[in-house]
Amino acid sequence: MLMARDFGIKKGVRTVEFITKDMQPEDQQMFLAIVNKYGFTRFDTEYPQWIIEKFRDSLWQLTRELLLNLTAANSIYAFDFREAQERRLFQDKAIGNCEQILKELEFIIDVFPVATKKYTPYIQLVEKEISLIKGWRKSDNKRFNDLRNENANTATL
């Protein structure tokens with residue numbers, strides 16, 4: 001939903017006074033002369049569509065990879081230690097995807113002038129997903145330790 005709403009970026013309008021407030025007096029006079037000559041009173045502030053698309057594509061890809069890694073991990077019911085390791089690897093990759101999503105959201109917040117609180121629910125969802133995956137991984141540990149012990153016993157025979 002965040003991506004569909006262009007990351008919460010408001011298309012705004014800036015007044016001439018807002019634009020000229022930090023200009024040096026001589027630049028301000030020159031700018032105001034041009035503005036008055038051509039009748040400009042307001043200026044749209046909008047980020048280029050390409051930057052929104054870049055962030056959208058990046059988050060889409062990371063979310064897709066997260067889904068694929070979760071599906072792959074869930075599809076492996078380990079009967080031996082090698083399968084257990086493979087399942088764990090996909091779980092680790094999914095956690096990595098979540099961390100990448102968090103970093104991408106931080107980058108978006110740095111680039112766009114949006115209130116951080118708008119992103120808080122999304123950040124909390126990703127952090128909850130990390131906790132759930134870690135809990136899932138932890139619940140696998142006992143069974144995987146049994147498989148590791150079986151693997152060690154088989155290797156010594």
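**Figure 1. R87 and D140 are both buried in this predicted model.** Welcome to the first close-up, which shows two charged side chains. R87 and D140 meet here in a salt bridge, with 2.8 Å from N to O. This pair links distant parts of the chain: R87 belongs to helix α4, while D140 sits in helix α5 (residues 116-156), and their positions lie 53 residues apart in the numbering. Side chains of opposite charge can pair when their charged atoms come close.

**Figure 2. R82 and E86 form a salt bridge within helix α4.** Let us stay with helix α4, which covers residues 81-111. The N to O distance for the side chains of R82 and E86 is 3.2 Å. Why can these two residues face each other along the helix? They are four residues apart in helix α4, so about one helical turn separates R82 from E86. Is E86 buried or exposed? The answer lies in between: E86 has a relative accessible area of 32%, and therefore counts as partly exposed.

**Figure 3. K103 and E106 make another salt bridge in helix α4.** In this view, the closest N and O atoms of E106 and K103 are 3.4 Å apart. The two residues are three apart in helix α4, which means that about one helical turn separates them. How accessible are the two partners? K103 counts as exposed because its relative accessibility is 52%, and the cut-off for exposed is over 50%. E106, at 40% relative accessible area, is partly exposed. If you would like to look for further pairs, a search of the whole structure finds five salt bridges, among them R82 with E86, R87 with D140 and K103 with E106.

**Figure 4. M30, I34, Y38 and F40 make a nonpolar surface patch.** Here we turn from charged side chains to nonpolar ones. The patch made by these four residues has an area of about 450 Å². One of its members, I34, is found in helix α2, which spans residues 25-38. I34 counts as partly exposed, with a relative accessibility of 44%.

**Figure 5. Helix α4 and strand β1 mark the two ends of the confidence range among the elements.** Which element has the highest mean pLDDT, and which the lowest? Helix α4 has the highest, at 94, and strand β1 (residues 12-15) has the lowest, at 62. For the protein as a whole, the average pLDDT is 84, and 82% of the residues score at least 70. Where pLDDT is low, the predicted coordinates should not be read in detail.

Terms used:
Residues are numbered from 1 along each chain as its sequence is written. This is a predicted model: local features need pLDDT of at least 70, side-chain atom pairs count only at pLDDT 80 or more; totals for chains, interfaces and linings use all residues. Side-chain values use heavy atoms; hydrogens and water are left out. Buried means under 20% relative accessible area, exposed over 50%, partly exposed in between (1.4 Å probe, protein chains only). Patches are made of residues with over 30% relative accessible area and no salt bridge: like charges are joined within 9 Å, nonpolar side chains (Val, Leu, Ile, Met, Phe, Trp, Tyr) within 5 Å. Accessible areas come from the Shrake-Rupley method with a 1.4 Å probe; for residues, only the protein chains shown count as cover. pLDDT is the predictor's confidence in each residue, from 0 to 100.
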